[in-house]
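Welcome, and thank you for coming along. Open your viewer, keep the selection tool at hand, and follow the stops below in order.

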Amino acid sequence: MIFFAACKKNFSSDNPLSTAYYPNIVLGSDNFVLYSVDPNTGKKNWEYSMPSATFNVLPNWKILKPSPLIYNDMVYQAAVNSDTIYKLNAKTGALVAKMTLPGHSTVSAPNHFFTVMGTPMADGKLIYLATTNDTLYAIDTGTANVVWKFGCPDGSPIVASPVIYNSNVYIASQGLNGNAHVYCLDKVNGPDMVGNPIWDYPGLGVLNTTATFNSSPSISYPYLYVGGYIDSNMYCISLNPPVVAGVVPTAGVLRWTFKALGNILSSPTAYAGMCIFGCNDFNVYCVDSMTGLAKWKFHTNSQVNSSPIISNQVVYIGSYDYNLYAINIINGSKKWSFATKGLIKSSPVPYGGNVYVGSYDGYLYAVDSAFGVLKWNYKIDGNIQCSPAIDDYTGIQYNSGISGYNTSSNNN
């Protein structure tokens, strides 16, 4: 007979092993599904089918134009013709909350319907959402209560995304009959007691009948940049209008405009004294931020609605000619191009030695950022208009540049 004895009464735990989570790319498409994909392998982590839109003013608009926003380990997705932001757990894709806006049905401009075209932005405990019913909302990420809201005085729809810089939030309106405006608001308190912003360009009550702002603003101190659709101008506006004779100005101040040869839907990227953007005249422009003169332009074979993103002195941008381009930021020369089988409207995101971009051919691509060769692709059954966002689970989220009606932020 054999006996086995133990010296200690320590037993293995019956608790389950902790779940392992992996970095993920979150992306949606016209099939109204959000996908999470591992950026290293292209393997799907999870998917979430968005519910049918609340409103059916345009039933064929049940698509995801706003890009997903990853913020504090949550994914925020606004549907096009819905009054709700869907808040998901970034690791699992589980629905955490539906953040529904109250009182959205009251619109100040005739023939407007409530819809969301731009990606929400977040800072602190607030998420900022712009809508076509002329209103920018600041919503508490925990309670989903509307903390404040700002309605464009002329009832103009907002199709661009807000941008946050220091203590302020900035938004560009589409304008009615070309009468577009840029507004600066306190990001915590919103408008003042009578509903006015800190400043407005070209000024409250001032008509600017040539501009329509569909692209989202970009900021590099001391300037804000925004592209005009109708007039094909890139606008450079001072962040801090100069105080004259002790009077704090309420009107924004224009520094320069740069005239392109086509409509501008691409949102600019400002970097190291340069403003870079795509245009419907088939070109990507780089404009000197001080002089407003072109430093270089790069020609593609179709219109460029994608917005540029810059990493390691390289500009990455997509074109309707089906190609993703890597452009040398110094002189505008082509480093490489990568061909997909559909137009590229969304913005690329560089991460971990790859560039990730969606195409109208229904694929998400991972392309080697150094050589422009394919690492992997993941099939998504739908046209991809929104841009990818990445969570690497180290406390950093990468949200893409803004594409036309799509938007983003960089929380890193």
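Start by selecting Pro-222, which sits in the loop between E16 and E17; helices (H or I, at least four residues) and strands (E, at least two) are DSSP runs, numbered from the N terminus. Look at the peptide bond that leads into Pro-222 from Tyr-221: this bond is cis, with omega near 10°.

Before moving on, a word about what is on your screen: this is a predicted model, in which local features need pLDDT of at least 70 and side-chain atom pairs count only at pLDDT 80 or more, while totals for chains, interfaces and linings use all residues. Residues are numbered from 1 along each chain as its sequence is written, and side-chain values use heavy atoms, with hydrogens and water left out.

**A second cis bond**

Now select Tyr-201 and Pro-202. A cis peptide bond joins them, with omega about 10°. Pro-202 belongs to the loop between strand E15 (199–201) and strand E16 (218–220).

**Asp-200**

Step back to Asp-200, which lies in strand E15. Is Asp-200 buried or exposed? Asp-200 is buried, where buried means under 20% relative accessible area, exposed over 50%, and partly exposed in between (1.4 Å probe, protein chains only). Asp-200 has no salt bridge, a term for a side-chain nitrogen of Lys or Arg within 4 Å of a carboxyl oxygen of Asp or Glu. The nearest side chain of opposite charge is Lys-149, 19 Å away; for this purpose Lys and Arg count as positive and Asp and Glu as negative, while His and the chain ends are not counted.

Show the backbone atoms next. The side chain of Asp-200 reaches the backbone nitrogen of Leu-204 at 2.7 Å, and a polar atom of that side chain lies 2.8 Å from the backbone nitrogen of Gly-203. To see what else surrounds Asp-200, leave aside its neighbours within four places in sequence: contacts (heavy atoms within 4.5 Å) then include His-181, Val-182 and Tyr-183, and also Thr-250, Ala-251 and Gly-252.

**The sheet that holds E15**

Widen the selection to E12, E13, E14 and E15. In that order they make an open sheet of four strands with antiparallel pairing; two strands pair if DSSP finds at least two bridges between them. Strands of a sheet pair through backbone hydrogen bonds, either parallel or antiparallel. In the sheet on your screen, the edge strands are strand E12 (163–165) and E15, each pairing on one side only. Neighbouring strands here are turned by 20° against each other on average, direction ignored; the axes are lines fitted to C-alpha atoms, for helices over the stretch in contact, and angles run from 0 to 180 degrees between N-to-C directions.

Zoom in on strand E13 (residues 168–172) and strand E14 (residues 182–186). How many bridges join E13 to E14? There are five, and the two strands run antiparallel. For one facing pair, pick Ala-172, which stands opposite Val-182 in E14.

**Asp-231**

Next, select Asp-231, in the loop between strand E17 (223–227) and strand E18 (233–238). Asp-231 is buried and has no salt bridge, with the nearest side chain of opposite charge, Lys-259, 5.9 Å away. What does the side chain of Asp-231 make a polar contact with? Its partner is the side chain of Tyr-235, at 2.4 Å. A polar contact is a pair of N or O atoms within 3.5 Å; within protein, one must be able to donate a hydrogen and the other to accept it, and residues adjacent in sequence count only if both atoms are side-chain atoms. Apart from neighbours within four places in sequence, Asp-231 is in contact with Thr-210, Ala-211 and Lys-259.

**Two loops with positive phi**

Go to Ala-272, in the loop between strand E20 (269–271) and strand E21 (274–278). Ala-272 is not a glycine, and its phi is positive, near 50°. At 60% relative accessibility, Ala-272 counts as exposed.

Then try Tyr-322, in the loop between strand E25 (314–318) and strand E26 (323–328). Its phi is also positive, near 80°, and Tyr-322 is partly exposed, with a relative accessible area of 39%.

**Last stop**

Finally, select the open sheet of four strands ordered E20-E21-E22-E23, where the pairing is antiparallel. E20 and strand E23 (294–299) stand at the edges with a single partner strand each, so one side of each has no neighbour in the sheet. The twist averages 15° from one strand to the next. Five bridges join strand E22 (residues 283–288) to E23, and the bridge partner of Val-287 in E23 is Ala-294.

Zoom out to the whole chain: it has zero helices and 33 strands, and buried residues make up 59% of its 412 residues.
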